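Pull up the model and keep it in view while you read. We'll start with one residue, step back to the whole chain, and then look at a few side chains and ring pairs.

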Amino acid sequence: MASLNTFRNSFKVSYRDPRDTKRKQRYFKTKEEAIIVLGHWQQVELYAKNNMNWRALLYNETPQKTLDEIFTAFTNNVLSTLINVDTIAKYNVVINSCKKVFPGDTIASELRTTSQSIMGVTVTGWTIYKHIMEYQHNRSRRGIDSYMRDLLHIFNWAYEEELVDKRIMRKSDRFKKHELPPLTFKVWSNEEINYIFNHTELSQEQKDILWLFAITGVRANELVGHNTKKPYKELHWHHIDFISNKMQLLQKRRQVRETASVHPSAIAILKTRFRSGADRPLDMSYKELNAFIKEISIIVQIKFTCHDLRRMKAQVLRNETHDITQASKGIGDKTTEVVHNHYAGTTIQEQQSINNTAYNAFINILKR
């Protein structure tokens, strides 16, 4: 049962919270305040022990929070501590998506039982959100599910911080796997790879940039030289080590640049661009790069994006090695994130071996 003890210069009330069955403590300056709270939690515990409506007692104790209050608290206490502006922007988009469906003054604890008629069908709770986002705002189910993943994080935080006394959202509220459309992406054939890199209508610069992305497997925004919103992400010549075939890359979700081994064929292209007087290794913005790749796509009449060139390296590596781990490491993807970050990071020597394997695989394809 709940108990009262002195602790230094205060009074400690210890009790078991039936919402999560954990033992908790609260501290008070005066004994009178502590006795009032002690009596409250003794009654709550008694109700819980006898399967009585203990929630009613907690409801009377704490005013119910609105969605706006929860989102404001999350913004002030969580988003304000983040460094990554992309993450902050992502959560703001997610919060706004929720407020497009549910008014900000909605009592959060009542959301799951809220009903609404949509397209002639009465739905409740988070099904309302899914339907409105899909049918009125034309969002894809995978996009909606991604939003709901982040909303779940927000509401779980609110529950853990005791802003609400019951779960506002559960994992089961998200789309089930069979309710989502299958993931599709560009799968390269050897014939397509050969055709692109030997296409007679492509300029040498176009072929060089294609090869640069294919053989490195890096993301587009890791190589571009212009980024007005995030200039710290720009790749400059001082990030290139021409002698040891290395680059300093600022990879996704990383705070500092990391050294990556690059195949000599990629360094040779960069060296040529450097000698030509180019201001930066890739003297264009992300938008300009996309337009550049789109022009190539139109010329060769194969629909692909810059990110598909990253997939190209992964697919060539997996076909060659039959090892998804090698393919993952080859493009710097942290699929094996826990092992990479906490147990054994990829060494420069291992990267060199992987890049040589990718290079030889490409050469074999182009010789056919």
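In which strand is Gln25 found? Gln25 sits in strand 3, which runs over residues 22-28. Bear in mind that what you're looking at is a predicted model. As for its surroundings, Gln25 has a relative accessibility of 39%, so it counts as partly exposed. Setting aside residues up to four places away in sequence, Gln25 touches Lys12, Val13, Ser14 and Tyr15. Take Lys12 from that list: 13 residues separate Gln25 and Lys12 in sequence, and their C-alpha atoms are 6.5 Å apart in space.

Now zoom out. The protein's secondary structure adds up to 15 helices and eight strands. Its radius of gyration is 28 Å, while the globule rule gives 21 Å for 368 residues; the value is well over the rule, so the protein is more spread out than a compact globule. If you'd rather think in box dimensions, the C-alpha trace spans about 85 × 60 × 40 Å along its principal axes.

What about the inside and the outside? Of the 368 residues, 43% are buried. The accessible surface comes to about 21,000 Å², and carbon and sulfur atoms own 50% of that. Among contacts with a separation of 6 or more, 59% are between residues 24 or more positions apart. On the charge side, there are 55 positive and 39 negative charges, and their mean positions lie 3 Å apart.

Next, try a buried residue. Leu58 belongs to helix 2, residues 54-61. Its relative accessible area is 1%, and the cut-off for buried is under 20%, so Leu58 is buried. Which residues does Leu58 touch, not counting those up to four places away in sequence? They are Arg19, His40, Trp41, Val44 and Asp165. For a sense of distance to the start of the chain, the C-alpha atoms of Leu58 and Met1 are 16 Å apart, with the two positions 57 residues apart along the chain.

On to the aromatics. A search through the whole structure turns up 16 aromatic pairs. One of them is Trp211 with Phe362: the ring centres are 5.0 Å apart and the planes meet at 65°, so this pair is edge-to-face. Trp211 lies in helix 8 (residues 204-216) and Phe362 in helix 15 (residues 348-367), so the pair ties together parts that are 151 residues apart in sequence. Both Trp211 and Phe362 are buried. Compare Trp237 and Phe242, whose ring centres are 6.0 Å apart with planes at 35°, so that pair is tilted. There is also a cluster, in which ring pairs link Phe71, Phe102, Trp126, Tyr129 and Phe155.

Stay with Trp237 for a moment, as it leads to the last stop. Trp237 is buried, with a relative accessible area of 13%. Trp237 is also one of the residues in contact with Arg273. Arg273 is found in helix 10, residues 264-275. Is Arg273 buried or exposed? At 13% relative accessibility, Arg273 counts as buried. Leaving out neighbours within four places in sequence, the contacts of Arg273 also include Glu205, Ile209, Ala278, Pro281, Leu282 and Asp283.

Technical notes: Residues numbered from 1 in each chain as written. Predicted model: local features only at pLDDT ≥ 70, side-chain atom pairs only at ≥ 80, totals over all residues. Heavy atoms only, no water. Helix = DSSP H or I, 4+ residues; strand = E, 2+ residues; numbered from the N terminus. Rg over C-alpha atoms; globule rule 2.2 N^0.38 Å. Buried < 20%, exposed > 50% of the residue type's maximum accessible area, 1.4 Å probe, protein only. Contact = heavy atoms within 4.5 Å. Areas by Shrake-Rupley, 256 points an atom, 1.4 Å probe, with all protein chains shown as cover. Lys, Arg positive; Asp, Glu negative; His and termini not counted. Charge placed at Lys NZ, Arg CZ, Asp CG, Glu CD. Phe/Tyr/Trp six-rings, centres within 6.5 Å; stacked < 30°, edge-to-face > 60°.
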